[in-house]
Structures are given as C-alpha cells and as structure tokens.
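Please look over the structure shown below together with its sequence. The report after it moves from the chain as a whole to individual residues.

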Amino acid sequence: MSENGAETLGLDTDEQNLQREKKAPETEISESERNLTEEQPLDVTLTRTSAVQDRDAGENNDVEEQVLNSNFLTIKDSSVQSDLPEDNRQEGASPKKTSFINDFGNSTATVKIMLMPEGHMMTMAFAIGRSIEELKNNFANELKVPSEFIQVFLSGKMVEDHWSLMDLGLQPHSTIQLEMTSSDPDKHPIRLMKPLQDYNMPDVLTVRVQTDSETDPFQDVVVEIERATRWKAFLGGYRHKATGAEYHHATVQTIAKKKPDSTVETFSRDTQTVMVKSQSQQCTNSTYTQMTKIGCYVSNTEDKLISPGPYFTADQYHSKRLRAVITLQTYTRSWLAKRKTYQLSQNRDLHLAWIEKEERRKRDERKEQMKAEHERRINPESRRDFALLYSALEKWKKEELEHIDATLEGAERKAALCALLEQETQLIASIGRHRIAAGERNHEKAVQAFLEKCAAPKSWRSFDGKVTQMDTQDTIRAKELKDLYSNINQPYFNKEERLDILLTLKHIVKEHDCKLTQDIVELIDRESDLLMRGVKKTNLEGLRKRISTLFLQYIKTPTFNPQVAKLLKVPQNPAQLKNNMYFCRSCSRYLLSTNFALTVNTRRVGQCRRCSELDNEARTREVFSHYKTILKSLHKTEAQRNNNGKMTYLIQERELRYLVDVVWGAQSALSAWSDMHDLVMVRWDHLSEWSPWNCLLLTKEEATAHNKVEDIEKAYGVEFIRNVKHKHTLAKKYFSQIPVMAKYLQDMDSQPATHSNLLVTKPITTTTAKPLATIPKDSGAKDSQ
C-alpha cells in the first residue's frame, strides 16, 4: 500500500468511527470479552487513544491533531498467561512457551506521545516487550533532551522506567497514548526539533476496516508506512480533452525483488538470432463503400467527377527533379557564397581594426618614450640621463656648426664660432650644476636607504607562508640612531627644539670616549653657544653640515652601531688584494679590475670607467643607453627560456655595440628598420643557446613572428639565410679572440673560425694608451691577457 493511499484510507475510516461513536455507547465490549471478565479476574484498562494526524491543506500548513474516540481493550501480562495452558504457567516452562513469549514481546504497537505542555503529538511503532527506559532514550535522542529529565505519564500517573508496554496492558497491533514532560522545563524544555510546517506523515496509522464477522463488524488495523527509497518511475498517462485532467499510469511502491543469479552459466540463442516477422493489421475504423442498388438509394449531390490529366512520363519526372535539384543547389551555393563573403568582410574589418590598434599602440609607445626622454633631459638623475644630455648637446653643436659653415664666411664665421663656444660653455656649466644637485640628492637617498636597511627588523618566512619580523637589540639601536640623524638634518626646528636635539645627541655620543666623539661634542657645544647668542640659521649651515657628517661617520662605525657591520664592505687581505689591482694612467690611481672596461682587442690596461666616461663627455659624447636596453631585454628573454645560459652574461655593452653596429649594421635584418628603440636581439635557431653566432637583430613585431617559426629553411629564402650565415661567421671571427667565448666555439662540432678571404671590418679600438716603460713591482700592475 502506498503512503498516499494509506493516509487516505486512514482518514476515511476515522471519519466512519466518529459517526459510529455518535450512535454507539462510549464503551463497547463484546460478549466473549464479558464472559472472560466474569470467569477470571483480569486487570483490564480501558484507554482512549488519539489516532491520526492530518496535514491541513490551508496556506499556513498547520498540523492539527484530531483525537478519534475509539476504544481498545488492553490486557496485562496476567491475562496473557491466563489464556495459556496450566502446565505452561508452571516454573521452568518449556522452550515453546519461551519462544511464544519472545514472539509476543517483539510484536509492535502504536505508541502516541503527547509532548506537554505544548500538546504536540508524536506517533511511532514500538515493540511491546521493550521498557519505558528504552522508549525515553529513543525520544531523548530525537528531542535532544537527557533521558534522566524525561517523565512519562499514563492517565495522570507516572510510569516507572523498568516497566514495559506489556506491563501497561498493551497488546500487539493496538494503540496507547502517553504523556511526556520534563522535570526541569526551564533548562531542558521538551519541544519538537522539526518545525510544524515541515512535519511529515507519521510512520504508523491506525485504520478501522469493515469485516464479514457478525460479532465484530469493524476491526482496527495498524498500518506501518514504509518510506520509499527511490522515486517512482513516470510511466506516462492520459489527459482528458474536455476537462484537462491528467491520469497517470500507476506503479507500485515496493521495490521488486531481484532474481537471484544462477550459478549455472547459460547461453541463449535468442540473443544471437534475428527473427523477421510479417503481420498485417486492420485499421481501427472499418471502411466501407455503399452504392445505389435495388432497395437502397444513395444521394449523388455531393459526388465529384474526376477526369484523368495528361500522362506524366518518367523523363518528365526526372527532368522536374533535376530542375528542383538545380534550384536547391543555386540557392544553397548563393547562401554559402554570401556567408563566405560576410566572413571575409568580418576578417578584413578585424584585421584593419587590429592594424589601427597596433599603429595607435606604436604611436603611444613612441610618444611615451619621447616624453620619458624629455623628462630625463629636464630632470636628470642618473649617469645615463647626463650622458643623454651631453649627446643632445653634441648633436646641437654639430647642427649649429653645419649651419655656420654653410651660411657664414670670414670674420662673421669666426664671431659665430666664438658665440657658439661661449654658449656651449654655459650649457656645460648648467649641466654640471644639475649634476652636483642630483649627486647631493642621490647621496641623501643612498644614506637614507642605508640607514633604513640597518634599522630593518629580522624577518623570515615560515612554513605557512607568513612573514615573521623580530627586532633585536642591534636593530633597535640602529633605529634610534636613524631617527636622531633625521632630526639633526631637519631644517624646520626652532631654537628650543634644536637645543633639545643637540642635547640628546650629546648624551648618546658621550657614551663612548674617542677622538670622533670628542669632535662631535665640541661642535655641539659650539652650535649651542651660537644659538644662545642669536646667530642666524644661514650662518650655521656649515657647522651643522660638519655635525651631520661626523655623526654619519659615528653611525657607520661598528663599535657604536653593531648592526652596520653586516652592511659595510669588509677590507680584503692586502696580500691578495694587490694581485687584483691595476693602475689608471688618467687619474693616476690604483683600482680594482672591476673598475676597468676591457674590450676584446685590449692588450694593456688603459683608463678606468670614470675616466672613460669623462673623456666621452668631453670628446665624443656618445650614448650607450640603447645598447644597454637591448642587453637587458636579451637577458630577460634568455632567462625565461634557459636559466643555465651563460653566454648572454659574458657580453658587455661595448661588445654588443660592435655586434649591433658593425655586424648587423644597426638595422633590422628583415625590414632595415634603424630606430634603436624598436630593435631587439633574438635567437636564430630556437633550439640552440643564444650566442653572437646564433643571433638575429629584428624589431619587436618581427621578433614575435620569428619566435613562432618552426622551420627556418622553409620560412626564409636562400639569399636571406646565406646573408645571416655570413654575419654569423663575422661574429665568430671577432668573438673568438675572447678566451672564454673561444671555449664555447671549441665545444661546437663546427671547425674553429680561421682567417679567410672574407671582407671583415676591423674592430673599433677604444684604448690608445701605451704601457709605462717601467712599472714598480709593488704597485701590483698586471698585463691583461
């Protein structure tokens, strides 16, 4: 029986019970039960139970409990034993008696629990042999209330925990109503955990059915609802055309039992044989033809006279089908052509839009480059910025010279040249003033960064990715000195604040007694005395600068600031240091080898980097920033492709300049584009590491397209490939003079580069200094190999 069917049936029978109880007396006891009561005294209890819960169909879906007045006769254990034979009531009953009692106790009955004081009703099926304590434990888990606080009452009397439902006189398949309260309603109230609107159909229904028995025409049956474990299949149905009512095919609720698998392996021939069967069928409506005859008249008013048309031959039919096919093909091809044309137009519009976007992007990039270059010229900060200024000055000077030579002669030309020289001198002086100011700003930034680095706390990354920071005694000391240095250099303090800062500095410096601290204390006392005399701030700038410089020297001393010891350069051993020292003939100083720029054809150590930059500013005024940009782009690209590559880091700016200007002619190998801002260096063969003999100078767009080429032999022409190979040979011939790069050439399978009849441009010579006739041995000078 399905859930819906059982629920409907239960409601119908309960309504019948209500109507019958209006007519019948309140308590009905059959004649056999009356005889049983008279013959043997039994503990008989008449209980009135509430049966069925119904879900209201209203909008609020409130559950209302309806109490059906049906009488049940419950007999205790004594009545059960009285029905048994006399020998079974004796001690040591037979196994038959024991099994009977067990079966009797395992029988279920309907238990209705009314939760007080709210009055909610809960119904469940429960074995009559189980105790009230087990019933309380079951409801304790469901109501989330400890079982020791639950009290069960029957007709106003408390029921003990060790009693069973049989002790209360409950028979199998009967119904009993109990009341459940809490001994501590404040802390552990009893209420339904599930809201009323979500309350579902009970698990047990009591249904009164009509029987054929004359003594008891009605019988109460307890129906246990089995919850469906699967959705019922939709088998289709019918819909009434007039009313629109739908009738679905029914399906059973109970899952069909699966046929057990046979242990014998069988083979069916039906699954391997196809049977074809022909069967004629008759239409649902019988058809007939009625004609006029003797005794039957059929009207011919609605008859139609049909005459045959012209005969339609097979050739005509095929020609008609051919015309139809041609028409279909015409329209289909027209549609395909229109769709292809539309697609081509869309692709063309997208391509034109992409070209316009790329041109706009190039213009914006070019504008940004010019704007950045203009900003660098107005506000120069680094050496590259000042080199750009000197290059612009040299370009302006050449243009003015060409204009003077082309337009003026004689005395006028000499006067114009003198004016040009004076103007150039003023511009050089202006650039020098800008350089001094930028040097001071950079020095202040470097000092501030140095102090920030000293005062930074210790930090490390833990296993969970979080960064932990810790201040030590040394970092706290460095932070105090950094704050004090910032306050000393602050020019906006008044006289009282300046005196407080000087007093604080004096107390900190006096912690250590040495020549440096004594000088600082003496200068502090001097400034304090001058401030008390009312000297102007402008007259104290030199004194304050000396105090700041000496205090910075105090901060950089590891004895006074231990944290700075990790940031200062540790002096090397003089015995080892002299082997790496070289003499600069321009500034007459001994410097480390890292301060000299050595080229491939260098035989003697010439000028240091600083002297080379000064000579460039005074004479040639060339700019190497473009080559440095190309080299940085090359480093970035090769680092993404191969982290183990070393060849790109052996190339310096001067070698890259020779490779770009002399070998590749400072233009793109494909389009001959000569703007240095757009040129990059890429690999010629993608599978090999970059090297001067495996490179190609292209624009950024051409480099992107070249990196997508899979087969170089198919992508480029024979003449272009031959030209690229020739340039690679020139690069091998030049860079083979470097011992480190010659080792890479020897590792290759190809033969080493030799002198040939090829026309090779000689490398640019950048050093013209000759070695001294005699160099003292203690100077540590050494020839470059």
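What follows describes a predicted model, beginning with totals for the chain and ending with single positions.

## The chain as a whole

The predicted chain contains 21 helices and 19 strands, and of its 785 residues 28% are buried. When contacts are restricted to residues at least 6 apart in sequence, 59% of them join residues that are at least 24 apart. The chain exposes about 55,600 Å², of which 52% is supplied by carbon and sulfur atoms.

## Helix α8 against helix α9

Two packed helices are described by the angle between their axes and the distance between the axes. For helix α8, which spans residues 410-455, and helix α9, which spans residues 473-488, the angle is about 150 degrees and the axes lie 7 Å apart. Angles over 145 degrees count as roughly antiparallel, and α8 is therefore roughly antiparallel to α9. The residues that meet are Val447, Gln448, Leu451, Glu452, Cys454 and Ala455 in α8 and Thr475, Ala478, Lys479, Lys482, Tyr485 and Ser486 in α9. By class, the residues of this contact between α8 and α9 divide into 6 nonpolar, 3 polar and 3 charged.

Alanine 438 is also part of helix α8, and with a relative accessible area of 0% alanine 438 is buried. Once neighbours within four places in sequence are set aside, alanine 438 is in contact with Pro380, Glu381 and Phe386. For one of these partners, glutamate 381, the C-alpha atom is separated by 5.5 Å from that of alanine 438, although the two residues are 57 residues apart along the chain.

## Helix α6 against helix α7

How are helix α6 and helix α7 packed, by angle and by distance between their axes? Helix α6 (residues 314-378) and helix α7 (residues 383-407) pack at an angle of about 95 degrees, and their axes are 9 Å apart. Angles of 65 to 115 degrees count as roughly perpendicular, so α6 and α7 are described as roughly perpendicular to each other. On the α6 side the contact is made by Glu373, Arg376 and Arg377, and on the α7 side by Arg384, Asp385, Leu388, Leu389 and Ala392. The residues of this contact of α6 with α7 comprise 3 nonpolar, no polar and 5 charged.

## Helix α17 and its cover

Helix α17, residues 653-663, has as its buried residues Glu655, Leu656, Arg657, Tyr658, Leu659, Val660 and Val663. Their cover includes two helices, α15 (625-641) and α20 (718-735), and two strands, β18 (679-683) and β19 (695-699). After α17 comes glycine 665, whose phi is positive and near 70 degrees.

## Positive phi outside glycine

Serine 588 is not a glycine, yet it has a positive phi of about 55 degrees. The position of serine 588 is in the loop between β16 (581-584) and β17 (589-592), where its relative accessibility of 48% makes it partly exposed.

Arginine 621 likewise combines a positive phi, near 55 degrees, with a residue type other than glycine. Arginine 621 lies in the loop between α14 (609-618) and α15. Is arginine 621 buried or exposed? At 7% relative accessibility, arginine 621 counts as buried.

## Cysteines

The structure holds 0 disulfides. Cysteine 587 is in no disulfide, and the nearest cysteine sulfur, belonging to cysteine 584, is 3.4 Å away. A disulfide requires two cysteine sulfur atoms within 2.5 Å, which means that this pair is not counted as one. Cysteine 587 is partly exposed, with a relative accessible area of 23%, and for cysteine 296, which is also partly exposed, the relative accessible area is 23%.

## A buried strand residue

Threonine 181 is found in strand β9, which covers residues 175-182. Its relative accessible area is 19%; buried means under 20%, so threonine 181 is classed as buried. Leaving aside neighbours within four places in sequence, threonine 181 is in contact with Met116, Phe149, Ile150, Gln151, Phe153 and Ile190.

Notes. Residues numbered from 1 in each chain as written. Predicted model: local features only at pLDDT ≥ 70, side-chain atom pairs only at ≥ 80, totals over all residues. Heavy atoms only, no water. Helix = DSSP H or I, 4+ residues; strand = E, 2+ residues; numbered from the N terminus. Buried < 20%, exposed > 50% of the residue type's maximum accessible area, 1.4 Å probe, protein only. Contact = heavy atoms within 4.5 Å. Areas by Shrake-Rupley, 256 points an atom, 1.4 Å probe, with all protein chains shown as cover. Axes fitted to C-alpha atoms, helices over the stretch in contact; angles between N-to-C directions. Parallel < 35°, antiparallel > 145°, perpendicular 65-115°, else oblique. Nonpolar A, V, L, I, M, F, W, Y, C, P; charged D, E, K, R; others polar.
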